[in-house]
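Open your viewer and get your selection tool ready. We will make a few stops, one residue at a time.

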Amino acid sequence: MPRFAANLSMMFNEVPFLDRFAAAADAGFDAVEFLFPYEHRPEEIGARLAKHGLTQALFNLPPGDWSGGERGLAALPGREEELAAGTARALDYAAATGVTRLHLMAGIADPADPAARARYRDAVIRTAETLAHHGIDLLLEPINGRDMPGYFLNDVDAAAAFIAGLGIGNVRLQFDIYHCQIIHGDVTMRLRRLIRQIGHVQIASVPSRHEPDGEELNYPFLFDELDRLGYAGIVGCEYRPRGRTEDGLAWFAGRGR
């Protein structure tokens, strides 16, 4: 059975962010992830992880002006210095949390634009090189256009081909099953084909993005498939609970620590 990480940006929203670490541990999770930690000091995050015996599975590099609609900087020409500064900031949090995977968001840009493509490639190469010095993998996640219209990296197969073409050891695919199902479908065959590139998996039901306990996808089958494929990473629970988080954890019963 895969190891699961509670996504604290979406789950346990019944309590303030720093209290969600305790809530996740009490619910049986031994790992967590979240979108961004930057509203809190690195030492605060690290202390909560240590206190509750939790592994930090993943978080995102700074995305630019999130409240203003930005969704990453990597494919945006002219934002090189801001991305480099954000990477340095993220490394402070990586040191405090022990995280070994960081996600680089591409941004809102046309994937057919040569300038955006060139900028994205350069950003990935430079950021991966920086993270490699700290033993950290750089993850790239395709995101569906329904949830994030105009997102640059919006195709799982194209992302996998891009990563393969780079041939950089610490650049891995962040395979969000929810996004893959909406973009392409045929999730199981893509898992089988791409498993060696995958550095992190995320889950949610489709189409609602609620608990992984029904709707289009057969998650018990997919969890078994991950085991059959020898996936040794963590599965991030990036879903929005229908109600109180604890009330929707029947799917997780028996799978925690």
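Start by selecting Arg71, keeping in mind that this is a predicted model. Arg71 is buried, yet it has no salt bridge. The nearest side chain of opposite charge belongs to Asp65, 7.5 Å away; a salt bridge would need a carboxyl oxygen within 4 Å of the arginine's side-chain nitrogen. What does the side chain of Arg71 find instead at 2.9 Å? Show the backbone of Trp66: its oxygen lies at that distance from a polar atom of the Arg71 side chain.

Now zoom out a little. Arg71 sits in the loop between β3 (55-60) and α3 (80-97). Beyond its neighbours within four places in sequence, its contacts include Pro63, Met105, Ile108, Met148 and Tyr151.

Next, select Arg79, which is also in the loop between β3 and α3. Display the side chains of Glu70 and Glu82 as well. Arg79 makes a polar contact of 2.7 Å with the side chain of Glu70 and another of 2.9 Å with that of Glu82. If you like distance labels, draw one from Arg79 to Ala123: their C-alpha atoms are 9.8 Å apart, with the two positions 44 residues apart in sequence.

For the last stop, go to His200 in strand β7 (residues 198-203). Is His200 buried or exposed? It is buried, because its relative accessible area is 0%, and the cut-off for buried is under 20%. Its side chain forms a 2.7 Å polar contact with the side chain of Glu33 and reaches the backbone oxygen of Ile234 at 3.3 Å. To fill in the surroundings, add some of the residues His200 touches, among them Arg101, Phe175 and Tyr231.

Technical notes: Residues numbered from 1 in each chain as written. Predicted model: local features only at pLDDT ≥ 70, side-chain atom pairs only at ≥ 80, totals over all residues. Heavy atoms only, no water. Helix = DSSP H or I, 4+ residues; strand = E, 2+ residues; numbered from the N terminus. Buried < 20%, exposed > 50% of the residue type's maximum accessible area, 1.4 Å probe, protein only. Polar contact = N/O pair within 3.5 Å; in protein donor to acceptor, adjacent residues only side chain to side chain. Contact = heavy atoms within 4.5 Å. Lys, Arg positive; Asp, Glu negative; His and termini not counted.
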